[in-house]
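User: I would like a close look at a single part of this model, with the cut-offs behind each term spelled out.

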Amino acid sequence: MEDLDVTTAALITYIRVSTSGQGRSGLGIEAQRQTLAHFASSEGYEVAREFVEVETGKGADALDRRPQLKAALAAARKLKCHVGVAKLDRLSRDVHFISGLMAHKVPFVVAELGPDVDPFVLHLFAALAEKERALISTRTRQALSAAKARGVTLGNPKLHAARKGAVEAVKAEADRYAANVLPIIREAQKAGASTLRQVADALNARGIPTARGGQWHAQSVANVLERA
C-alpha cells in the first residue's frame with residue numbers, strides 16, 4: 001500500500017463472514033468491502049490495511065478464535081488509527097464481546113452508523129440487538145409450545161426426507177464456505193501463490209481455518225476450487 005496522504009486519516013478495515021451468513025443481508029465479502037470503501041472515501045479515511053475473517057460461528061465470540069481481528073487490532077494500535085467495519089454485527093452479536101473489544105483501547109467506526117458514534121452508543125446498539133435476539137428466541141419457543149399443545153406433531157416424522165434434507169444442508173454449507181474463501185484464494189494467487197500448496201500456506205498464514213476448523217492442505221484448496 002502506498003504512503004498515506006497526510007491530509008487523510010488511516011483506517012484498518014475488518015471484514016467477517018460466516019458459512020451461514022454469506023450473502024445474507026448484504027454481508028458478503030465484496031459487499032462489506034464496497035461499503036467500507038465508500039465510507040472511507042466519503043469520510044476522509046484512507047484504507048491502510050484490510051483483514052478478512054472467515055469463520056463457522058463456533059466459538060466466534062472469543063478473540064482467540066478471531067486471528068484476523070486480533071491482527072487488525074494490532075495493526076490499528078501500531079498506526080494509532082480506527083478499525084472500520086461495515087455493520088456492528090461484523091464485530092459481534094454479543095454485547096459482552098464488544099465491551100471486551102473496547103477494553104483494547106482501539107476505536108471502532110461502523111459504516112452503517114456513521115463516523116460520529118462513540119463507544120457508549122455502540123454498546124447501546126449491541127445491547128438492543130442482543131435483546132432483540134433473546135425476544136425472538138423466546139417467541140419461537142412459545143410458538144412451538146403452543147403448537148404442541150394443539151396437537152401439532154413437531155419435528156420431521158419422515159426419516160428419509162429428513163436425512164436427504166440434512167445431506168443437502170451440509171452440501172449447501174460447504175458451498176457457502178467455498179464461496180467465502182474463494183476471494184481470499186484469488187488474492188493469494190494474484191500475490192504469487194502459483195501452486196495449491198502455496199495457496200494452502202497463504203491461508204494458514206492468515207489464520208483462516210478450513211470448514212472443519214483445521215489446517216489447509218493442497219487437496220482442501222483443490223476441493224474449494226472444484227466447488228467454486
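Which residue follows H6, and what is its phi? Please go on from there to the helix itself and to the core it contributes to.

Analyst: H6 is followed by Gly 207, whose phi is positive, near 75 degrees. Before going further, note that this is a predicted model, in which local features need pLDDT of at least 70 and side-chain atom pairs count only at pLDDT 80 or more, while totals for chains, interfaces and linings use all residues. Residues are numbered from 1 along each chain as its sequence is written, and side-chain values use heavy atoms, with hydrogens and water left out.

Helix H6 covers residues 196-205, where helices are DSSP runs of H or I with at least four residues, strands are runs of E with at least two, and both are numbered from the N terminus. Within H6, Val 199, Ala 200, Leu 203 and Asn 204 are buried, a term that means under 20% relative accessible area, with exposed being over 50% and partly exposed in between, for a 1.4 Å probe and protein chains only. Seen down the helix axis, these buried residues fall within an arc of 135 degrees, so they line one face of H6; the arc is that of the directions from the axis to the C-beta atoms. As a general matter, an α-helix has 3.6 residues a turn, so residues three or four places apart point the same way.

Leu 203 also appears in the largest nonpolar core, which has 27 residues, and is listed there with Val 54, Val 181, Ile 185, Ile 208, Trp 216 and Val 221 as having the most contacts inside it. Such a core is a set of buried Ala, Val, Leu, Ile, Met, Phe, Trp, Tyr and Cys residues joined through side-chain atoms within 4.5 Å. The elements giving two or more residues to this core are strand S1 (9-18), helix H1 (29-43), strand S2 (45-55), helix H5 (159-190), H6 and helix H7 (218-227), and the largest share, 6 residues, comes from H5.

Val 54, leaving aside its neighbours within four places in sequence, is in contact with Val 17, Tyr 177, Asn 180, Val 181, Ile 184, Ile 208 and Pro 209, contact meaning heavy atoms within 4.5 Å. Turning to the strands, S1 is mostly covered, with 9 of its 10 residues buried, and S1 pairs with S2 in the parallel sense over 10 bridges, where pairing requires that DSSP finds at least two bridges between two strands. Along this pairing, Ser 18 stands opposite Glu 55 in S2.
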